[in-house]
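Student: I am new to this structure and should like a close look at one part of it, the pairing of its strands and the rings that go with them. May I begin with a question about a single pair of strands?

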Amino acid sequence: METLLSTTVGLPIIDEHSSHVVSRVSDVLIDTETGKVVAFLIGTRRMVVPMDVTAWERDHLAISNEMHILDHGDVIRVNEVLKKQIPVAGNKVFTESGIYIGRVTDIVFDPRLFEMKKIFVSKTFLIFHYDHRLVTTKQIVEIRQDAVIVSDVFAKSRGKAEAPSLSAA
């Protein structure tokens with residue numbers, strides 16, 4: 001099973017013991033060097049780290065206890081990734097030879113391994129998305145602050161993809 005960033009943002013975070021919603025996911029923080037999820041962000045100051053998540057389902061994120069919601073400053077690795085400020089979603093995508101492919105419009109995660117598997121890339125004109133492509137993490141060469149760089153082989157193969165939707169997960 002895979003899940004999308006677009007469907008993860010806004011998911012309720014549920015305390016398994018009380019079955020109460022304790023918060024909602026505002027973003028997913030990714031270590032751009034490894035592709036691993038380092039935290040599920042809650043607002044601007046709080047988070048849940050993957051080791052405290054007991055289930056990442058389509059309709060909720062489960063934690064064993066509300067006390068697993070931490071401040072950003074509590075985990076050194078999360079602070080390091082936050083300081084780099086390297087976005088994946090919305091970032092421009094180029095091949096190694098500099099050909100513009102589009103922008104990252106969504107990210108596919110493996111919820112069991114807490115890692116990025118693919119990115120959806122498309123070009124945009126006003127509000128319209130076109131030239132949809134699906135790039136696997138194996139095709140990603142580097143993720144920088146200003147761009148995601150993909151293999152030149154990808155440009156030649158023109159890996160087309162459907163626009164991300166709830167049914168695509």
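Student: How many bridges join strand E2 (residues 12-15) to E3, and do the two run parallel or antiparallel?

Tutor: Four bridges join E2 to E3, and the two strands run antiparallel. Before the picture is widened, a word on the basis of this description is in order. The model is predicted, so that local features need pLDDT of at least 70 and side-chain atom pairs count only at pLDDT 80 or more, while totals for chains, interfaces and linings use all residues. Residues are numbered from 1 along each chain as its sequence is written, and side-chain values use heavy atoms, with hydrogens and water left out.

Strands are DSSP runs of E with at least two residues, numbered from the N terminus, as helices are (H or I, at least four residues). Two strands pair if DSSP finds at least two bridges between them.

Between E2 and E3, Ile14 stands opposite Val21 in E3. These strands belong to an open sheet of four strands in the order E3-E2-E8-E7, where the pairing is mixed. At its edges are strand E3 (20-24) and E7, each of which pairs on one side only.

A second open sheet is also made of four strands, in the order E4-E5-E6-E9, and its pairing is antiparallel. Strand E9 (70-71) and E4 stand at the edges with a single partner strand each, so one side of each is left without a neighbour in the sheet. Within this sheet, three bridges connect E5 with strand E6 (residues 46-48) in the antiparallel sense. Leu41 has Met47 in E6 opposite to it.

The rings now connect the two sheets to one another's residues. Rings of Phe, Tyr and Trp (its six-membered ring) pair if their centres lie within 6.5 Å, and the pair counts as stacked with planes under 30 degrees apart, edge-to-face over 60 and tilted for the rest. By this rule the count comes to five aromatic pairs. One of them is the edge-to-face pair of Phe40 and Trp56, with 4.9 Å centre to centre and 85 degrees between the planes. The pair links distant parts of the chain, for Phe40 is in strand E5 (residues 37-42) and Trp56 in strand E7 (residues 53-56), 16 residues apart. Both Phe40 and Trp56 are buried; that word means under 20% relative accessible area, with exposed over 50% and partly exposed in between (1.4 Å probe, protein chains only).

Trp56 has another partner, Phe114, and this pair is stacked, with 5.7 Å centre to centre and 20 degrees between the planes. This pair, too, links distant parts of the chain: Trp56 is in strand E7, whereas Phe114 is in the loop between strand E11 (100-110) and strand E12 (115-125), 58 residues apart. The relative accessible area of Trp56 is 5%, and Trp56 is therefore buried. For Phe114 the relative accessible area is 15%, and Phe114 is therefore buried as well. With Phe109, the residues Phe40, Trp56 and Phe114 form one aromatic cluster.

The loop that holds Phe114 leads to the next pairs of strands. E11 and E12 run antiparallel and are joined by seven bridges. Phe109, a member of the aromatic cluster, stands opposite Met116 in E12. In the hairpin of E11 and E12 there are four residues between the strands, and Phe114 takes a positive phi near 55 degrees there.

E12 also pairs with strand E13 (residues 128-136), in the antiparallel sense and over seven bridges. Phe120 has Leu134 as its bridge partner in E13. E12 and E13 form a hairpin as well, with two residues between them, and Leu126 in its turn has a positive phi of about 55 degrees.

To bring the parts together: E2 and E3 run antiparallel and are joined by four bridges, in a sheet that has E7 as one of its edge strands. From E7, Trp56 reaches Phe40 in an edge-to-face pair and Phe114 in a stacked pair. Phe40 is in strand E5, which is one of the strands in the order E4-E5-E6-E9, and Phe114 is in the loop between E11 and E12.
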